[in-house]
Amino acid sequence: IKERRGLLKQARNAEAAHQKQVQRTISEQLQASAAHAKASHGHKQQELVATHSNKAAEEARSAARAAEAVSSKAYESVVAILEGKAWNEDGSTQGVGACGAVDVDPDKMRRAQTALRQLGNALSKAAGRQSEVEDVEDELFAFNIGLLQADAASGDAGGAVGAGRSERERERVRRQLEQAQEKYITQAEAAREATSKHVATFLEVGLGFVDSFEKTAQRPTRMEEVKVAQASVKSAFRQLSASWTVTRKAQDAWLKAAAARSKVAQRLAAVAASAAEASAVLAEAERVGTEATRALEAQMEACQAAEKALAEAQQARDKAEADEARWRQQCEQLKDEVASARNELKPAKAAVKEAAAERQKVVAQFARVEKAQMRVEAAKQGALERLKSEKYDASQVEQAYELKKKGTAALSVDAEGSSSESPDNKRKATSPMDGGDDGSSSSPSKRPRADGRGKQAGPGSGREEASAPTTSPQRRVCGKSRPEAVRVADTGGKSSPSGSPGKRLRRKTGVDDIPGRGGG
C-alpha cells in the first residue's frame, strides 16, 4: 500500500507537469501561428513588389532594345552616306543621291570615315558589354528565383534548404555572381563612356565634313541643292548622336531596374526563408503540442490506473489479514494433527526399514545366482563353440575305441588314486574349462594323437602321417569320440554303469560341470 501510494503521488505530480507542458505548448503554438501569419503576409507583399520590379525591368529592357535598334538604324544611315561611294577619293561627287550636287574636301571625308569606323567599333564593344551585364543579371535573378522555388520545395519536403545546397554554398554562388555583376557593369560603363566620346568626336568631325560641301563643277548646281545636302547629312549625323544618347539612358534605366529587381528578389528570398522557417516552427509547435496532449492523456490514464491499483491493494490487505487469522487457527489444528500422525508413523517406518533390509538380502542372493548362471552360460557357450569349431573325422569312432581300450586300465588306476584327494583339488586338476584360458590341464603336447597304428605322430612322419586323422582334446570328451560324448551328455551320464570306466572318466574330467550334463 505504501508503494502504491508513492506511485500514485508520482503519477499525480507527472500529470501536473504534463498539464503545464500542454499550456506552454499552446502558448508557443499561438506565438508561432502569429509569426507565421505575419511572415506569410510579408511574403505576399514582397511577391507583389517583386512582380512590379520584374515588370519594370522587362519594360526597361524593351525600351533599351528599341533604343539600340534606333541607334543601329541611324548608324547604318551614316555608313550609307560616308561609305556609299557618293564621292570619289578626290572628293568629287559621283552624281548619285541627294549629295550628287556637291563636292567635299577629301581630307575631311577621310577623317569622318575614320571616326565613323572607330564609332562602329565602340558601339559593338558597348553592345557586347551590355549583353554580358544582361546575362549576369538574368543569371543572378534566376539564382534568386531558383532559391525561392528550392526553398518552397524543401519546405514541402520537410528539410533540405536550397535544393540540397548548404547556406555556405548558396552564399558562395551569390557572391560569385555579384562579383561578376560588378565587373561587367564597370566594363559596360567604361564601354558606354568611350562610345559617347567617339560619338562626340564623330559629330564634330562630321559637322566639319558637312561644312566642306561646295557646288560641284561637273554640272550646273544651285546653292539650294548644296544647303539641302548639308541639312540632310547633318540631320543623319545628329540623329546618330541623339539615338546613342537615348540608348545610353535606356541602358542605364534598365541597369537600375535590374539592380532593383535583384534586390527585391533577394529580399523576397529572405522573406520566403523567414516564412518557411515560421511554417517549420509552427509545424514543430503543433507536433510538440500534439505529443504533449497525448502524454497528458497517457499520464491521466496512468494516474487512474495507480488509483485503481491502490484500491486493489487495500482490498488485498484486508483479505490478507482475514486469511492470516484463519490460517493461524488452521496452523494450531495442524500442529496437533502432525503430532498424532508422527506417532502413527513410527510402526510404518520400522516396517519399511525391515522391508528394505530384506530387499537387500534378496537382491544380493539374486546377484549371486545370476552370476553363477552367467558362468554356466559362458561355459556352455565355450563348449559349444569348441565342439562346432572341430573338424569332423569319419574314423574318429574307431580311433576313440582303440584309445579307450588302451587307456581303460590307466584311467581306473587314476580314478582310485583320486578318491583320496579333496573334491576341490580334484576339480582343479581335472576340469579342462576351469584350468585357465589356454587349457593347461591337458596340454596339446601331451595329448595322444592317434595315427591309426597306436603311435604318436611327430613332425617328420611324412605325408601319410601328416594327413592321418587326429582327435583334439575338444573333440575327445571322456575318452570318447564326439558323437558318443554328446550321446552320454544328453542321457545325463546313464549310458554306462556307475562303475564303468566312462562314468569314472566323467568324474575325473569334470564333464558334469558342462551345462546340460546334470552336475552343474
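**Exercise 1. Place Ser196 in this predicted model and decide whether Ser196 is buried or exposed.**

Solution.
- Step 1: find the element. Ser196 lies in helix H3.
- Step 2: check the accessibility. Ser196 has a relative accessibility of 18%. Buried means under 20%. Ser196 therefore counts as buried.
- Step 3: list the contacts. Leaving out residues up to four places away in sequence, Ser196 touches Trp244 and Arg248.

**Exercise 2. Work out how helices H3 and H4 are arranged.**

Solution.
- Step 1: locate the two helices. H3 covers residues 167–211, and H4 covers residues 223–389.
- Step 2: take the geometry. The two axes come within 10 Å. They cross at roughly 170 degrees.
- Step 3: apply the cut-off. Angles over 145 degrees count as roughly antiparallel. H3 and H4 are therefore roughly antiparallel to each other.
- Step 4: give the handedness. The crossing of H3 past H4 is left-handed.
- Step 5: sort the residues of the contact by class. Between H3 and H4 there are 12 nonpolar, nine polar and 10 charged residues.

**Exercise 3. Do the same for helices H1 and H4.**

Solution.
- Step 1: locate H1. This helix spans residues 2–83.
- Step 2: take the geometry. The axes of H1 and H4 are 3 Å apart, and the packing angle is about 170 degrees.
- Step 3: name the arrangement. With over 145 degrees as the cut-off, H1 and H4 are therefore roughly antiparallel to each other.
- Step 4: sort the contact by class. The H1 contact with H4 has 53 nonpolar residues, 25 polar ones and 13 charged ones.

**Exercise 4. Describe how Thr247 and Ala67 meet, starting from their distance in sequence and in space.**

Solution.
- Step 1: place both residues. Thr247 is in helix H4. Ala67 is in helix H1.
- Step 2: compare sequence and space. The two residues are 180 apart in sequence. Their C-alpha atoms are 4.7 Å apart.
- Step 3: check burial. Thr247 has 2% relative accessibility and so counts as buried. Ala67 is buried too, with a relative accessible area of 7%.
- Step 4: look at the polar atoms. A polar atom of the Thr247 side chain lies 2.8 Å from the backbone oxygen of Ala67.
- Step 5: list the contacts of Thr247. Setting aside neighbours within four places in sequence, Thr247 is in contact with Ala67, Glu68 and Ser71.
- Step 6: list the contacts of Ala67. Not counting residues up to four places away, Ala67 touches Ser243, Val246, Thr247 and Ala250.

**Exercise 5. Which residues does Arg61 contact beyond its sequence neighbours within four places?**

Solution.
- Step 1: place the residue. Arg61 lies in helix H1.
- Step 2: check burial. The relative accessibility is 10%, so Arg61 counts as buried.
- Step 3: list the contacts. Beyond neighbours within four places, Arg61 is in contact with Glu134, Asp138, Trp254 and Arg261.
- Step 4: pick out a polar contact. The side chains of Arg61 and Glu134 are joined by a polar contact of 3.5 Å.
- Step 5: add a distance across the chain. Arg61 and Gln251 are 190 residues apart along the chain, with 7.6 Å between their C-alpha atoms.

**Exercise 6. Find the accessibility class of Glu307 and its contacts.**

Solution.
- Step 1: place the residue. Glu307 is in helix H4.
- Step 2: read the accessibility. Glu307 has a relative accessible area of 36%. The partly exposed class lies between the 20% and 50% cut-offs. Glu307 is therefore partly exposed.
- Step 3: list the contacts. Not counting residues up to four places away in sequence, Glu307 touches Leu8 and Arg12.
- Step 4: look at the side chains. Glu307 and Arg12 share a side-chain polar contact of 3.2 Å.
- Step 5: turn to Arg4. Glu307 and Arg4 are 303 residues apart in sequence. From C-alpha to C-alpha, they are 8.1 Å apart.

**Exercise 7. How many helices and strands does the protein have, and in what pattern do they follow one another?**

Solution.
- Step 1: count the elements. There are nine helices and two strands.
- Step 2: read along the sequence. The pattern is α-β-α-α-β-α-α-α-α-α-α.
- Step 3: add the share of buried residues. Of the 520 residues in the protein, 30% are buried.
- Step 4: consider the span of the contacts. Take contacts between residues at least 6 apart in sequence: 77% of them join residues at least 24 apart.

Notes: Residues are numbered from 1 along each chain as its sequence is written. This is a predicted model: local features need pLDDT of at least 70, side-chain atom pairs count only at pLDDT 80 or more; totals for chains, interfaces and linings use all residues. Side-chain values use heavy atoms; hydrogens and water are left out. Axes are lines fitted to C-alpha atoms, for helices over the stretch in contact, and angles run from 0 to 180 degrees between N-to-C directions. Helices (H or I, at least four residues) and strands (E, at least two) are DSSP runs, numbered from the N terminus. Angles under 35 degrees count as roughly parallel, over 145 as roughly antiparallel, 65 to 115 as roughly perpendicular and the rest as oblique. A crossing is left-handed if the near helix is turned anticlockwise from the far one by less than a right angle, and right-handed if clockwise. Ala, Val, Leu, Ile, Met, Phe, Trp, Tyr, Cys and Pro count as nonpolar, Asp, Glu, Lys and Arg as charged, and the others, Gly among them, as polar. Buried means under 20% relative accessible area, exposed over 50%, partly exposed in between (1.4 Å probe, protein chains only). A polar contact is a pair of N or O atoms within 3.5 Å; within protein, one must be able to donate a hydrogen and the other to accept it, and residues adjacent in sequence count only if both atoms are side-chain atoms. Contact means heavy atoms within 4.5 Å.
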